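Welcome to a short set of exercises with worked solutions. Please keep the sequence and the model side by side as you go through them.

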Amino acid sequence: MRSLQSKLISGLLFSLLIAFAAMWLLVSLSLEYVAKEYVASRLSHDADSLLTAVQFSEDGSLYLANERVNVVYNQPFSGHYFSIRTGEQALRSRSLWDQDLPTLNTTTGQQLRTLHQGPQHQTLLLLELGYNKQGKPLTISIAEDLTPVRANIDRFRLALAAIAATLLILLVIFQTLILRFSLRPLAKIRAELQSLEQGQRESLSTDVPSELRPLIDEINHLLELVGKRLRRSRDALGDLAHALKKPLTVIQQTVDQDDLPEQTRQTLNRQSQQIYRLTDRILTRARLAGPSHGGSLFSFTNDLPALIQTLSMMHSAKSLEFKQEIDADIRCTMDREDMLELLGNLLDNACKWARRTISIQVSINDELHICIEDDGPGAELDKIEALARRGVRLDESIEGHGFGLAIVSDMVADYQGRMTFRQSDTLGGFRVDVYLPVG
C-alpha cells in the first residue's frame, strides 16, 4: 500500500495541475477576448474617421479625402483594410490592392463583426457599420489582421505556461517539505513501535499532536492491560502449581507406605507422576505470553549466559562444557520468559544426557534457527521418527527426551515455528533444531 505522504502529494499535484490548467485556459481566452475587443474598438474609431473623410460631389459621386485617411491603409497588404459602399458605388483602400472585403449586409445604425480570411491568408477581424450621410445609406467595412496580435498572445501563453510550471514545481516541493515536517510525529511513532517490538520500551510517548493522542492513549491502555493480564495469569498459575504440589506430595507419601500392595503402589505412583507431568505441561503452556510485543524480549547476549550458568550449577557433577556459536546482532522477537522456558527445557534435557559437551548454535536468516546438540547416547532412529511425526504426543514414552520436548513443542507451535529431531553428526548424541519466524 502506498504511503500517506505519497497519496497526499499525488492528490495535491493532481489538484494543482487542474487548477493551473484551468487558470491558463481562462487567462488565454480572456486575453484573446480583450485583444479582439481592443482591435474592434480601434476599428470603430477608424470607421468614424473614414466617415468624416467620405464626401459626395455635386453629381452624387462618392469620393474620399485622402488627407484624412491613415497612411497604413495605403500600404499594400499592410493588414489594415477598408471598403466603403453606397448604392452601386464603392471605394477600397489601396492596401487591398485588387481584392475586396465581403459585405455583411448591415443596415443603417447596425454593426456586425466577424472573422474573415484576407489577403495572403491573413486572419482578419472584420467590422461592418451602417451609416446615413447626406440622406444616403453608407456602409463602411473595415478590417485588421489579427496575426501579430495572436503571435503575441501565443508568446504570452508560452511564458504563462513556463511560469505556471515553475510555480507548480515550487509549490509541490514546498508542500512536500511541509508534509514531511507535519508527518514527523508519525515517523516518531513508527520508531517507537519498532522499539516496542524489540522490547526496548513498554509504552508509546504521548507527546504527539492532538489528532493522534486518542490513538496513542488507547494503544498504551491496551499494552498495559495485556501486561497486567499476563502477569496475573502467570501469578495465578504459579499459585495453582504451588497448591497442587501439596496434595501430590501427600499422594506420594502415601504411595511410599509399606502396607500398600506392590501393584497398588506402582499404579498410584504412575498415576501421580502422570498427573504431575500433565499439570506441569498445561501450566507451562498457559504461562506462554505468545507472539506479542507487549513485554520484554529475550536477549541472547544478556540472558543466555545466565541460563547456562544456572544449568552448570545444577549439573555441576558432570563438569559440562557449553560451546556457543551465536551470530552477532541476533534479534529475538520471542517473549523473554517464553524463550527462557524453551531454552531451559532443551538445555536441561541435553545436560541430563550429555557426557561432556553441549553445543548451542544460533543463526538468523529468513527465520531464527536454534540448534542444540549433546554427546550423549542419543535416541534410537525409530523413536526420533516418532518424535518428528505429526500428531504423535510427546511424553515420557521416550526416556529422557519426552516431557521437556513436549513443552518445547507446544511453545514452538504457539509461535508458529517448527522443530526437528535427529542424531547429531558432530557430537553423536541427540540434536534438536528449532525454527522460529523473525517477524
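**Exercise 1. A pair of phenylalanines**

Are Phe298 and Phe300 buried or exposed?

Solution. In this predicted model, Phe298 is buried, and Phe300 is buried too. Next, count the aromatic pairs: there are three. Phe298 and Phe300 make up one of these pairs, an edge-to-face one, with 5.0 Å centre to centre and 85° between the planes.

**Exercise 2. Classify another ring pair**

Why does the pair Phe421 and Phe430 count as stacked?

Solution. Start with the distance: the ring centres of Phe421 and Phe430 are 6.1 Å apart, and the cut-off for a pair is within 6.5 Å. Then take the angle: planes under 30 degrees apart count as stacked, and the planes here are at 20°, so Phe421 and Phe430 are stacked. Finally, check the surroundings: Phe421 and Phe430 are both buried.

While you are looking at rings, find Tyr435 as well. Arg418 lies over its face, at 4.1 Å from the ring centre.

**Exercise 3. Follow the chain from S8 to S9**

In which sense do strands S8 and S9 pair, and over how many bridges?

Solution. Locate S8 at residues 321–326 and S9 at residues 357–364; they pair in the parallel sense, over six bridges. For one position to check, take Lys323, whose bridge partner in S9 is Ser359. Now add helix H7, residues 336–353: S8, H7 and S9 together make a β-α-β unit that is left-handed.

**Exercise 4. Map the largest nonpolar core**

Which residues of the largest nonpolar core touch the most other members?

Solution. This core has 38 residues, and the ones touching the most other members are Phe300, Met339, Leu343 and Ile358. Next, ask which elements supply the core. At least two residues each come from helix H6 (303–314), H7, S9, strand S10 (367–374), helix H9 (403–414), strand S11 (418–423) and strand S12 (430–437). H7 gives the most, with seven residues.

A separate second core holds 23 residues, including Leu43, Ala53, Leu129 and Leu138.

Then zoom in on Ile358. Leaving out residues up to four places away in sequence, Ile358 touches ten you can look up, among them Leu320, Phe322, Lys323, Leu347, Ala350, Cys351 and Ile372.**Exercise 5. Compare two positions**

How do Pro102 and Leu160 count by relative accessibility?

Solution. Begin with Pro102, which sits in the loop between strand S4 (89–92) and strand S5 (111–117). Its relative accessibility is 28%, so Pro102 counts as partly exposed. Pro102 and His116 are 14 residues apart in sequence, and their C-alpha atoms are 8.4 Å apart in space. With residues up to four places away in sequence not counted, Pro102 touches Arg85, His116, Leu126, Glu128 and Ser141.

Now turn to Leu160, in helix H2 (residues 147–182). Leu160 has 15% relative accessibility and therefore counts as buried. Leu160 and Met23 are 137 residues apart in sequence, while their C-alpha atoms are 9.9 Å apart in space. Leu160 touches Trp24 and Val27, again not counting residues up to four places away in sequence.

**Exercise 6. Step back to the whole chain**

How many helices and strands does the protein have?

Solution. The protein has nine helices and twelve strands. Of its 439 residues, 37% are buried. Among contacts with a separation of 6 or more, 59% are between residues 24 or more positions apart.

Terms used: Residues numbered from 1 in each chain as written. Predicted model: local features only at pLDDT ≥ 70, side-chain atom pairs only at ≥ 80, totals over all residues. Heavy atoms only, no water. Phe/Tyr/Trp six-rings, centres within 6.5 Å; stacked < 30°, edge-to-face > 60°. Buried < 20%, exposed > 50% of the residue type's maximum accessible area, 1.4 Å probe, protein only. Lys NZ or Arg CZ within 6 Å of the ring centre and 35° of its normal. Pairing = 2+ DSSP bridges. Helix = DSSP H or I, 4+ residues; strand = E, 2+ residues; numbered from the N terminus. Right-handed = clockwise from strand over helix to strand, strands pointing away. Core = buried A, V, L, I, M, F, W, Y, C linked by side-chain atoms within 4.5 Å. Contact = heavy atoms within 4.5 Å.
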